[in-house]
Every structure is written in C-alpha cells, then in structure tokens.
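Trainee: Could we go through this structure together, one question at a time? I'd like to see how each answer is reasoned out.

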Amino acid sequence: MFESTRDLVYIYIMNTRKHWELPLSHLYNKTDLSKLKFKTTDELKISDEFIAQNRAISSLNFGLDLDYKGYNIFVSGDDGTGKLSTVRTILEHIAPMKHTPNDWCYIHNFDHPERPIAIELPRGSAKEFKKDMQVFVDGLLKEIPAAFESKDYEDRINDIMKFYGDKKNNLFSTLEEMAKEHNFAIKVTKVNVVTIPIIEGKQIDEHEYAKLDKNEKDRIEKEREKINEEIVKFLREIRVIDRKMQEQIESVQKQVALMVADGYLNDLVEKYEKEKEVIDYLAKVKNHVLDNLNFFLGFEDPNANARKQPQRKKTLTEYEVNVLVDNTDTSGAPIVFENNPTYFNVFGKLEKRIEYGFYTADFSMIRSGSLLKANGGYLIVQAMDLLMNFQVWNQLKRVLKNREIILEDPLEEHGLIATTGFKPEPIPLNVKVIMVGSADLYYLLYHHDEDFHNIFKVKADFDYEMPKSKEFIEKYASFIATRCKENKLKHFTKEAVGRIIEYSSRLIEDQNRLSAQFGKINDLIVEANFFAKNQQSKYVDLACVEKAITEKRARVKLPEEKMLKYIHEGDLMINVEGKAVGELNALSVLNYGDFEFGRPSKITARTFHGKSGLINIERESKLSGKLHDKGVLILNGYFGWKYGQNKPVSLSASLCFEQSYGMIDGDSASSTEFYALLSSLSGVPIQQSIAVTGSMNQRGEVQPIGGVNSKVEGFFDVCKLRGLDGSHGVMIPKHNVKNLMLKEEVVEAVKKKKFHIYAVETVDDGIEVLTGVPAGKMKKDGSYPAKSIHSLVQKTLESFGKEPSKKRKKKSK
C-alpha cells in the first residue's frame, strides 16, 4: 500500500497537523455587509453620540455636577479614544447653563502699597470700572490745571498773599523803626537779615567799621544784640505767617480740586454704591488726590535735587484698575484649555522692574493665568504636559487644597531674586480642574503622590474597545458619516465602511470587538478621502481605503524591510527549511510606536551531563527582563513536575536567543524554549518551517499572547522571501484564534495551501505538530509509550543520572 515507512510517517504527520490547523474562516472576520442598510454614508444622519463610553460619560457628569472640594476629574484612557473631544463637547453643553462668574481686578492699596487689594465685581463691571477711573484721571489732569488758572482762583490766592504780605510788611516796618532808634539799618537778603550801623546819619561799611575805636565798637555790638533779638522774633513770626498763608493757599487749592474731583467721584459712588470695597477705595482716592495735587499740576518734588535721588516719573498708576478677569463676553461658566501649562501660564505672573538694585512691582504689573480665567468654571489640561514641571504640579495641589490663588514669583520662593516683599491679596478660587492623561499616569500618581487621591477624587476611564455588534457597527457607520459631513469630505461606500470596521478589529486584535480609538479611525477616513480625491471618485470606495491602509504602513515600514534584507542576505541566521534538533524559530514583536512588526528569532537548547540545571543565557548575561525570567522559571517548574515525580532530575541545559544583542522581555517564547529543550533531550528534530509563539503555565497549557497578527505576518514575509513551498506555517495558542485578523495575502496563501496556521492548547499538542511524533501520555507506572517524545526524554534523563563508566571504574578500584 505504501512505498516505505517514511510514507507512513509523513501521512501521520500530515494528519496530526491537520487536526490543529485552522480553517480559513478562523483567520479573518469579514464584515457582514447585509447589516449595513445603506449604499453610501451620505444617506446617514449626523450623530454626536459618544460611542461605547457610558461609564466615562457617567463619571464625567457626576464629577461636573458635584461642586465640592476635591472632586476634580482625571480623565484616563488610551490616545485616540476621544477623551479630550468628549470633555469639550460635554462642557460646551453644560457650561452655558451655569452661572456666569464675576470679574476680578486689583487696585492700589493706599495704606499698604505692597499689598494690592483684590476686588470682585459683577460680570462686565471690572472693565467698566477701569474705564471710569481712566475718565476720572483724564478729567482731573485737564480740569484741575484749568481751575487753577481761573480768575476766581487767582483772585482768591492774590487776596491771601496780599493779606499775609501786608502782615509781613507791617512786621518789617516795625523792625525798621526799632532799628533806627538804635542807629541801625535793616537789609534783607535771600538767606539772612543783615544789620548795618548808622553813624551821623550815614550807613558805614566793614572798612569804616574796622577804623572805629574799641569803645565805639563795643557800644555798637551791644545795640546790635538788642536788634538781633528782635530779628529772631521777626523771623519766627514771618515763618508763622508763611505757614498760615501756605495752609490757606492749599485749603483753597483743595477746595477747588475737590469741586472738580467730586464732580466725578459722586457719580462713581452712586454707580458703585453696592460695592463696599469700591466705595472705600474711592474715598481713599479722594484723599490721595487732595494730598498730591502736584501729580496733576506737574510740580516736581522740591527736595529731590537736595537728596540727589532720581525721581520716578509720576504715572498716576495709583488710580488705575488692573482687570485680571473680564467675563463681559462670557455666557455661563468659562471653559479654559491650557495647552502650555507653564508656571506663569497657569498661575499668572508678577512683572518687575529694577529700582535701586531691587526688583520692585506694583499692582498694575500683575498678570492673570489660566486658573483665574477659569475661576467659576472649568480648566482642562493635559496631565503629562503639566507634570513636566514639578513646580506647577506642587503649586496646583496647594491652590486646589486651599481654594485660593496667591500670585507670587517662584524665584522669590527659592530666594533667587532680591525683592521688596510685594504680596497681592489672595483671590478665592472655585474651579473644576480636568486633567487628561493615560491610565498608567493615573495609577502612578495615585500610588506615589499622597495628595492626588484627595484632590482628584473622580476618575473618568475611557474604554479602548466595544462589542462588534449590529448596534455598534451602525454607530461606527454613523461616526464615519458625521466626520465626512463635518469636515466636508467625500462620503464612503458600504464596502469601504465594511473595510474600516475590519481595520478597527485589527487595531484591537479581536474578531468580535471594535476599537474605540477613533483618532486612528479619523486618520484613515481623511487619508482614504485623499486618495479618492486624487482619482476623482465621487465616493470613497473599498480600493481607496485599502490604498490608505497600505500606504500608511509603507510610510513607516523601513525597519521591517531592513530586517528582511538582513535575513535574506544571511546576516540574521533564520532557517525556514528542513529539520533540526534542539532549535526552532520563536516570534516576537518589535514596536516602534507608530508601527510594529513580527520578527523570527532562533532559539536553541543544548543538554548534557551535569547538575547545573536549566541555564538561561539571556538572564546570565543580564539581557532578559523579569517577565522572560518568569517564563523560564515556569518552564523549569513544569519540567521538574513532568519528569521528576519518581526520582530527581539530573540535567545541565542551556537556552539561548541566538543573535540577540539587546534586552529581551516577555514570556511569549516560554513554550518555544520548552519545545527546543524537548527536542534536544529526545533527539527528535523539529520542523524549521513552522514558527512558534505562546507562553506556557506550570500545567503545560499554552497561554495567549499579544501581537499575534504581526507575528504571523512577520514570519509569513520571511517565508515568502525564501519561497513558500506548502510546509511553512505558524503555531499559535488556541486562545489567540479570536485575535486573528490577518492581511489578505496571508489568508490567500493559506487558501492555496502554501501557508498554515496551527492552534494548540497544550505543549504536548505543540511538540506533536513540530515533530510529527506523539508526545505520549503517562501510564500508571509513570512511564510513557515507547518512542514517544516523553519516553525518549525520560531515557535521556535517566542516562544523565548515571555516572560515566570511567568514574565508576575509578571508584571500584
């Protein structure tokens, strides 16, 4: 019947592998187009529904509605799941229904200039108040000088000056009369009052005085002393008169200025009568104006030159209003998205100038940040961007815990600049902060920052997948239609939509589920539309979607092409033909962020006499990660359980990833390493045309792994490069069958029997597929059927347990 035993073995092997080979229907889940009740997406309605994110939406609504300390929101999830767009959409819906917050501004503190006063005003009032104060200042600058130039003012001043001038003249006349009685004349200079002796009706000078005899001089000096006493009294009275005259002049000036100022201030007091802080401020403004009329008249400080100090130009900033938050154009609660959360952008800034070697500031140099602009509303920020600056994160926690914002310079806090102690009043803060980031970042903060869970008490977790049900397929189609209509793109045919749905399943690597990463789906929509536009198609058809997918991969697949080149040229030694003992091809995934592909790696096992046990060369050379080490330890545990029930296992073995020069991690090759070990111990060769992936547990079960599609396709590309001959294939865990969404080229090769996909549940199944030899089931006595893999392994281990003959002879002597 059969030509030889080899034919019998071949038939057994083929039948064995066929048992675990997957049919075409398991390799790709094609969209049932009969479920799509349209020809093109322009027949569908626009939908703003949030697809498959009910849990996240519920959490967001809860956090947004709960106005209580600490209930800020952390929105977590994968990129592209619509976290940010969903948050914005929800806020744009609820914010207009919320109360519009008041304005905030800073004004000068006349009592303590280093502590500017923060004032809260009704919406739109801060800008109006600033304008009113500017009108007030402009009016005073114009009208006070004009009033001081009026005839009435001049007449009043002249009357005062004449009145006190007459008084001074009368005092001087009295002094002159008294001096004449004592034969002296009085002369007033700019700095002093001089007495000049008179002899024989004539004033004498210094030379004539020097010629007088001593007795005459003594007489003159005695008379001079009497006159000097009167001069001192005279000067004292003159100073009193000057002071009273100046007081009356200043009183008139204040009366005139007050008439001007009251014309404005009374209107302002009436306008802002409900704002107590404004009324108090206006009262201090009035006093300050009357005490500093030189500000409006252009008078300089008369003592400045004497002090030899430079004068700061008077800018009248004391009467300005620094508006930090203006909600005039805001309707409802403000929504602020801070895309560059630096310290100053978030908390505001104190601008400074240098005076006399110190950094100084005033209230007009305060600038608001996004927190203040969002006060009474919502602040959205990307978590990673914010955490890049630890000062921002620490200050944000402090602000949210205290519920007030204090504008200060971080450099001043660390003593890096010399300041004058400028401290604006804190502003009460009522803002809902929404941080958007990954789940990894959320858990990192939760476990390592003790304040985090008290400040961000609400987590809105966005899912990355959804069931591939009729409901969600229809929602996917509606999403595509919405994107097309909103972005004015060409609409998609039914077949094109079906291909996008299949692409979505490939993204999530699940035949029965769809990806919720709509960012990537939106990119595909845009790129497919580009190709449809280039070929002047009315609609985006299946070919355009296929081209977009192909081109997307082609743009980033240079590393994969280089790897295939190295394999083809023999630099990477991958064997896909024939059989070999103790070696086979494992599959791993190389991920470059925007692109991943499968790479075959040769795994070898060498076994020999000894008691060193199982040596993992990667671990010994410190090139393996913890997960890979765990996989080898599990392998070792299963091996000991399998063959060490009745006697200790005596073995030295080494496992190695050949031509691996970087770090290896993950346990997806643990079953592959086990097969190599069994082959080396049994001496049964492994078919090199079949690559393997899958981790194993201590029960010998093959567990599912990630990246199964990339792994299969990666080995397929290598085999295609060498030439498909019908023997090539990949063995995967049975639990990964539902993850298969293989590219059309692979499916077509399987259809033509040029490539095969095998799915196994246990390592016993796997070794049979690879060798064509039964694994063997353990008998009651602990042995295995003759010529089975486990029987051959057992025999080898028993031989390893025996001492070599030469050593036994030496001991017998």
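Trainee: Which helix gives the most to the positive patch?

Mentor: Happy to help, and do keep in mind that this is a predicted model. The positive surface patch is formed by Lys167, Arg236, Arg239, Arg243 and Lys244. Lysine 167 is found in helix H5 (residues 151-181). Four residues of the patch come from the helix that gives the most, and that is helix H7 (residues 214-271).

Trainee: Is lysine 167 buried or partly exposed?

Mentor: A residue needs over 30% relative accessible area to be part of a patch, and lysine 167 is one of the patch residues. Its relative accessible area is 37%, so lysine 167 is partly exposed.

Trainee: Staying in helix H5, what separates lysine 162 and aspartate 166 along the helix?

Mentor: The side chains of these two meet in a salt bridge, with N to O at 3.2 Å. Lysine 162 is exposed at 54% relative accessibility, while aspartate 166 is partly exposed at 33%. Because they are four residues apart in helix H5, lysine 162 and aspartate 166 are separated by about one helical turn.

Trainee: How many residues apart in sequence are the parts that lysine 254 and aspartate 291 tie together?

Mentor: Here too the side chains of lysine 254 and aspartate 291 meet in a salt bridge, at 3.5 Å from N to O. Lysine 254 lies in helix H7 and aspartate 291 in helix H8 (residues 276-291), so the parts that this pair ties together are apart in sequence by 37 residues.

Trainee: Which residue forms a salt bridge with lysine 286, and is that partner buried or exposed?

Mentor: The partner is aspartate 262, and the closest N and O atoms are 3.3 Å apart. Lysine 286 lies in helix H8 and aspartate 262 in helix H7, so the pair ties together parts that are 24 residues apart in sequence. Lysine 286 is partly exposed at 28% relative accessibility. With a relative accessible area of 19%, under the 20% cut-off, aspartate 262 is buried.

Trainee: Let's turn to threonine 493: is this residue buried or exposed?

Mentor: Threonine 493 is found in the loop between helix H18 (470-486) and helix H19 (494-508). Leaving aside neighbours within four places in sequence, its contacts are Lys39, Thr40, Tyr539, Val540, Asp541 and Leu542. Its relative accessibility is 13%, so threonine 493 counts as buried.

Note on methods. Residues numbered from 1 in each chain as written. Predicted model: local features only at pLDDT ≥ 70, side-chain atom pairs only at ≥ 80, totals over all residues. Heavy atoms only, no water. Patch = residues over 30% accessible without salt bridge, like charges linked within 9 Å, V, L, I, M, F, W, Y side chains within 5 Å. Areas by Shrake-Rupley, 256 points an atom, 1.4 Å probe, with all protein chains shown as cover. Salt bridge = Lys/Arg side-chain N within 4 Å of Asp/Glu carboxyl O. Lys, Arg positive; Asp, Glu negative; His and termini not counted. Charge placed at Lys NZ, Arg CZ, Asp CG, Glu CD. Helix = DSSP H or I, 4+ residues; strand = E, 2+ residues; numbered from the N terminus. Buried < 20%, exposed > 50% of the residue type's maximum accessible area, 1.4 Å probe, protein only. Contact = heavy atoms within 4.5 Å.
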